[in-house]
Structures are given as C-alpha cells and as structure tokens.
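Morning, everyone. I have one chain to show, and I'll start with its pocket. Take a look first.

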Amino acid sequence: MLFLQNYCTRHCCEVPFDAGKFFIGSRAVWRLAENHPDNRDRLAAESAPLLVTAALENFPPTAASNRDVVNHAIYALAMLAEDHPANRAAIAAAGGIEAVTGAMARRPDDIGVQGNGCYAL
C-alpha cells in the first residue's frame, strides 16, 4: 500500500492541484476500500484518510468540471469509514467532517455531492 501514499503525496497533494491525478487517487482509494474491509486497515496504515481529506480540503470544488473529482473524494472517505471505527476517528481527526460538509455547502444543488456527503457523514 505504500504505492498509494507515494502516489498521493507526489501527485494528489501538490499545489496547484491536478484534477486528473486527484480523480485517479480518490478513485483508487474508493475502489480499494469498497467491499474490502481488510483493505480499509491497510489504507488507514498508509494515511489514506489524511491524504484524501487534505486533497478534498485544498481542491477547488466549485468549478463545474470538478464535480466528479469532489464526488470521488467524498465517496472514498465514505468507503474508508464504512464499518471501520478507527478510520472514522482518523477521518474526523484529519478534518474530514469539515471537508465533506464544506463541499456540500459549496454545492447545495449537486445531488451527487449531497448524497455522497450524507453517506460519508
């Protein structure tokens, strides 16, 4: 799983953000965590909650072209948190709750962001 941290550190959390790299990184976390509880432990050990939260907080989610990027990041956090109390605590400690609610506030009419946000929370 070290590849994920290295990838996200090099490509997802740099400024200026690259939407394509952020999309791929968030989707990778989502896919690795979805329906794979064992992967959630590994992802947490590699700081995935912190990396996705940091990227979501720093990515400009208001541009129309960024809709899928924001949705993927929020859903990745939801998948990390699902049935995993330790990841929930890590996401909260990393500011994930604020990042999700902030994205929801900036996109009140986006049903995808609202739905994924509710699921993540």
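**The pocket, then the core**

The largest pocket holds about 210 Å³ of space. A pocket here is an open set of points on a 1 Å grid where a 1.4 Å probe fits, with protein on both sides within 12 Å along at least five of seven lines. Lining residues have an atom within 4 Å of a point. This is a predicted model: local features need pLDDT of at least 70, side-chain atom pairs count only at 80 or more, and totals for chains, interfaces and linings use all residues. Numbering starts from 1 along each chain, and side-chain values use heavy atoms, without hydrogens or water.

Which residues sit closest to the pocket's centre? Of the 13 that line it, they are Ala-81, Arg-88, Ile-91, Ala-120 and Leu-121. By class, the lining has 10 nonpolar, 1 polar and 2 charged residues. H5, helix H6 (85–93), H7 and H8 each give at least two of them.

Now the fold. The chain has 8 helices and 0 strands (DSSP runs; helices are H or I, at least four residues, strands E, at least two). Of its 121 residues, 46% are buried, that is, under 20% relative accessible area with a 1.4 Å probe.

Next, the core. The largest nonpolar core, buried nonpolar residues joined through side-chain atoms within 4.5 Å, has 24 residues. Leu-56, Ile-74, Leu-77, Leu-80 and Val-100 have the most contacts inside it. H5 supplies the largest share, 10 residues.

Last, Val-100. Leaving out residues up to four places away in sequence, Val-100 touches Leu-56, Ile-74, Leu-77, Gly-117, Ala-120 and Leu-121. Contact means heavy atoms within 4.5 Å.

Definitions and conventions:
Buried means under 20% relative accessible area, exposed over 50%, partly exposed in between (1.4 Å probe, protein chains only). Grid points are joined across faces, edges and corners, and a volume is the space filled by probe spheres set on the points. Ala, Val, Leu, Ile, Met, Phe, Trp, Tyr, Cys and Pro count as nonpolar, Asp, Glu, Lys and Arg as charged, and the others, Gly among them, as polar.
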